[in-house]
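I opened this model to look at the ligand site and at a few residues elsewhere. My notes are below, in the order of the look-ups.

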Amino acid sequence: MGGSHFITVEGIEGAGKTTAIDTIRDWVQAQGGDPLLTREPGGTALGEELRDVLLGHREGGMSAEAEVLLMFAARAEHLDRVIRPALAAGRWVVCDRFTDASIAYQGMGRGLGIERVRSLGEWVHPDLAPDLTLWLDLPVTLGLERAAGRSRPDRFESEQARFFEAVRSGYAAIAEQEPARVRRIDSSGTPARVRDGINAALEARFGG
Ligand code: Z5A
């Protein structure tokens, strides 16, 4: 159970990542670990500035290419200043979204293509991949319903169901290609059921 581990959490809008991350934190702490919780885009001073640019409603929006490159600029900084040092120090790192989000949102949602975006990941972090990715999966309509009650939608949240269907299919493709790393969690059920699914996935990957 010793040593560093890198866990990422993914899913469409309203998938319940916030609750999932609490569950992961509790599980790691119960094993005696002290997890670093972080997020993308963000996690550093520059990353949070880029997050504001990416999520804000800029007049005219931005091109898909600019969007994906800004995501990876924030990620490069995050890796350099936060993720790699924490892993090197032997900590667990739990990250709310990572490169899979770029593949799903920019590759599929924006139509840049999975392989093009994946090649950016191979350039920015050729030697590093999450040990475990929890993909919180639920129907798009349910995710949008859950998210509807929140504050003013950001630039991504303002997208329509068709966009999130494409994003979801991106996650499904990644899960199919990398079954050892990506664990699908059915997130359509009650919070207690989702929590059980996450705990089971953590136990299967890191337990015993
Ligand atoms: N993005 C990108 O395009 N490319 C990239 O490379 C990266 C990101 C890294 C910001 O991400 C945006 O950036 C994101 C993708 C894009 N846009 N979108 N969509 P973010 O992760 O910060 O934003 P978010 O997706 O809006 O996530 P969130 O708000 O942090 O979490 P969430 O997963 O959407 O959901 P939640 O807040 O945890 O839960 C939603 C609601 O459902 C909430 O009221 C909960 O209490 C409720 N809930 C949760 N679980 C349940 C269950 N089981 N039953 C009933 N209700 C539930």
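The entries that follow start with the ligand and then go through single residues.

**Entry 1: the model**

I noted at the start that this is a predicted model. I kept that in mind for each entry.

**Entry 2: the ligand site**

I looked up where the ligand sits, and it is in the largest pocket. I then listed the shell, which has 28 residues around the ligand. Those that come nearest are G14, K17, R51, R97 and S102. By class, I found 10 nonpolar residues, eight polar ones and 10 charged ones in the shell.

Next I asked which helices supply at least two residues each to this shell. They are helix 1 (17–30), helix 2 (45–55), helix 3 (64–88), helix 4 (99–109) and helix 8 (191–206). I also looked up which helix gives the most, and that is helix 4, with four residues.

**Entry 3: polar atoms at the ligand**

I went through the short distances between polar side-chain atoms and the ligand. For R97, a polar side-chain atom is 2.5 Å from a ligand oxygen. For S102, a polar side-chain atom is 2.6 Å from an oxygen atom of the ligand. For Y105, an N or O atom of the side chain is 3.2 Å from a nitrogen atom of the ligand. I then looked up the cover: on its own the ligand has 1100 Å² of accessible area, and the protein covers 82% of this.

**Entry 4: R97**

I stayed with R97, having met this residue among those that come nearest to the ligand. I placed R97 in the loop between strand 3 (92–96) and helix 4. What is phi of R97? Phi is near 75 degrees, a positive value in a residue other than glycine. I flagged this because most residues other than glycine have a negative phi. I then checked whether R97 is buried or exposed. The relative accessible area of R97 is 14%, which is under 20%, so R97 counts as buried.

**Entry 5: K17**

K17 is another of the residues that come nearest to the ligand, and I found K17 in helix 1. With a relative accessible area of 14%, K17 is buried. I also looked up the separation of K17 from V194: the two are 177 residues apart along the chain, and their C-alpha atoms are separated by 11 Å.

**Entry 6: E10**

I located E10 in strand 1 (residues 5–11). Its relative accessibility is 0%, so E10 counts as buried. I then looked for backbone nitrogens at the E10 side chain. The backbone nitrogen of F98 is 2.8 Å from a polar atom of that side chain, and the backbone nitrogen of A101 is 3.5 Å from a polar atom of the E10 side chain. I also noted A20, which is 10 residues from E10 along the chain, with 9.8 Å between the C-alpha atoms.

**Entry 7: the peptide bond at P41**

I checked the bond that joins E40 and P41 and found a cis peptide bond, with omega about -10 degrees. I recorded this because most peptide bonds are trans. P41 lies in the loop between strand 2 (36–39) and helix 2.

**Entry 8: D131**

I placed D131 in the loop between helix 5 (114–124) and strand 4 (132–137). Is D131 buried or partly exposed? At 25% relative accessibility, D131 counts as partly exposed. From D131 to P41 I noted 90 residues in sequence and 20 Å in space, C-alpha to C-alpha.

**Entry 9: T133**

I found T133 in strand 4. T133 counts as buried, at 1% relative accessibility. Which side chains does a polar contact join to that of T133? One polar contact, of 2.7 Å, is with the side chain of T8. Another polar contact of 2.7 Å joins the side chains of T133 and R181.

**Entry 10: F163**

I ended with F163, which is in helix 7 (residues 161–177). F163 has a relative accessible area of 7% and is buried. I looked up F163 and G111 as a pair: they are 52 residues apart in sequence, and C-alpha to C-alpha they are 9.7 Å apart in space.

Key. Residues numbered from 1 in each chain as written. Predicted model: local features only at pLDDT ≥ 70, side-chain atom pairs only at ≥ 80, totals over all residues. Heavy atoms only, no water. Near = heavy atom within 4 Å. Polar contact = N/O pair within 3.5 Å; in protein donor to acceptor, adjacent residues only side chain to side chain. Areas by Shrake-Rupley, 256 points an atom, 1.4 Å probe, with all protein chains shown as cover. 1 Å grid on protein atoms, 1.4 Å probe; cavity = no way out; pocket = protein on both sides within 12 Å on 5 of 7 lines; lining within 4 Å. Sits in = over half its atoms within 2 Å of the grid points. Nonpolar A, V, L, I, M, F, W, Y, C, P; charged D, E, K, R; others polar. Buried < 20%, exposed > 50% of the residue type's maximum accessible area, 1.4 Å probe, protein only.
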